[in-house]
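Visitor: I should like to learn how to read the features of a protein model. May we begin with the surface and then turn to the interior?

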Amino acid sequence: MIAQIVSLLALIFVAGLPCVYAFEFKGFADVSFTKSTKDADAHRNGDFAFGSLDLYVAEVVEDVEILIETLIEEGDELDIERLTIGYTFNDAAKLRMGRFHTPLGFWNTAYHHGVQLQPTIERPKFLTFDDAGGILPTHVVGVNLLGRVNTRAGAVDYSAMLGNGPMIDLGKAVLTPNNTSDNNIGKSAAFNVSISPSVIAGLKLGVSGHIAEVTSNDDPVTIDVDQTIYALSAVYTKGPLGMAAEYFRIEDKSKSAGDFTNTAYYGLIKYSIKEKWEPYLMYEKLSVGDDDPYMSVLQAGIDNKEMTLGLRYNISYRSSLKGEYRNIIDEGGKDWDEVALQWALAF
């Protein structure tokens, strides 16, 4: 089935168009090994796995831009992660419409599904993708206006979007972005503004926000939350040193259960040695409000603290090996360790 769908996409974008518009798929792939000391963990036996196969097309057809990104993960699931059609008026005004990453925070807009792009093996737990049980609406279907404006104070990047609100799929315990229709009349809206101040080279400071009405897919609806998310980010790069930090505040106003506040943050520091070896350290924490009905049905919606110590080796610009040791404390104070290896490739 997967092979048939991929073949169909290839046929449409390569063979079915005039040769002047023949598109080329590019992509990412990764394989990994993970061993956990937690008795009930899926990786307690020590598991080899192929992570994901990410195929994408990004082209311009007579001034109209198209981006299609498909992802095959967990062996047999095929998702269209991004599909946008857009037009660039100039650097300060670009219009996109379709399914894209929600302009929320730094990590979710800087690193996409290809793990070769990100410094660590995994995203911070609270930034897990929505279809994998994450607590944030990482994808949205709607319209997006974005661009960069150069000012005396520094370069200002902005992004604003309006789209379908996310829905909680109770059967799968995940958020979905309502790909083809909205399950309520409340649209989601988000903004993201960052500045790279000219007085401090390598620094980028950002603020973003997201509002939406989030309801479950049962009938009658059992979860109905007015949600507001605020996020702050700071990224600094100077020579071989790199640092990043983000803070999120997630406010859920349930019509039946009351108001809840959840917070999450991470801090990452890395150091490049001769552009080959890159040790890194990341600490992350998610604090969930007691009895928040939104968090209670999502897989990642539990208290979590995690310390990750890792080493990345860049085989080349397109391929890397990463090794990590993780100490994890989740809800109830359970403490366990993980070791993981990953080989990632961009092609």
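Guide: Let us begin with a term: strands are DSSP runs of at least two residues marked E, numbered from the N terminus. Please keep in mind that this is a predicted model.

Visitor: Which strands each supply at least two residues of the nonpolar patch?

Guide: They are strand E4 (77-90), strand E5 (93-101) and E6. The largest share, five residues, comes from E4. The patch lies on the surface and has about 950 Å² of accessible area together. Its members include Ile80, Leu95, Val143 and Leu162.

Visitor: Where is Leu162 placed, and is Leu162 buried, partly exposed or exposed?

Guide: Leu162 is in strand E7 (residues 154-163). The general idea is that buried means under 20% relative accessible area and exposed means over 50%, with partly exposed in between. Leu162 has 46% relative accessibility, so this residue counts as partly exposed.

Visitor: How should I read a salt bridge, and how many does a search of the whole structure find?

Guide: In a salt bridge, a side-chain nitrogen of Lys or Arg is within 4 Å of a carboxyl oxygen of Asp or Glu. The search finds 15 of them. One joins the side chains of Glu65 and Arg96, at 2.9 Å from N to O. Glu65 lies in strand E3 (residues 64-73) and Arg96 in strand E5, so this pair ties together parts that are 31 residues apart in sequence. Another is formed by Arg99 and Glu81, whose closest N and O atoms are 3.4 Å apart. This pair also links distant parts of the chain, with Arg99 in strand E5 and Glu81 in strand E4, 18 residues apart.

Visitor: Why does Glu81 count as buried?

Guide: Glu81 counts as buried because its relative accessibility is 0%. Its partner Arg99, at 9%, counts as buried as well.

Visitor: Which residues are joined into one network by salt bridges that share partners?

Guide: Consider one pair before the network: the side chains of Arg326 and Glu324 meet in a salt bridge of 2.9 Å, N to O. Salt bridges with shared partners join these two with Glu122, Lys125, Glu306 and Glu338 into one network.

Visitor: With which side chain does the side chain of Ser52 make a polar contact?

Guide: The partner is the side chain of Asp30, at 3.0 Å. Ser52 is found in strand E2 (residues 47-61), and at 12% relative accessibility Ser52 counts as buried.

Note on methods: Residues are numbered from 1 along each chain as its sequence is written. This is a predicted model: local features need pLDDT of at least 70, side-chain atom pairs count only at pLDDT 80 or more; totals for chains, interfaces and linings use all residues. Side-chain values use heavy atoms; hydrogens and water are left out. Helices (H or I, at least four residues) and strands (E, at least two) are DSSP runs, numbered from the N terminus. Buried means under 20% relative accessible area, exposed over 50%, partly exposed in between (1.4 Å probe, protein chains only). A polar contact is a pair of N or O atoms within 3.5 Å; within protein, one must be able to donate a hydrogen and the other to accept it, and residues adjacent in sequence count only if both atoms are side-chain atoms. Patches are made of residues with over 30% relative accessible area and no salt bridge: like charges are joined within 9 Å, nonpolar side chains (Val, Leu, Ile, Met, Phe, Trp, Tyr) within 5 Å. Accessible areas come from the Shrake-Rupley method with a 1.4 Å probe; for residues, only the protein chains shown count as cover.
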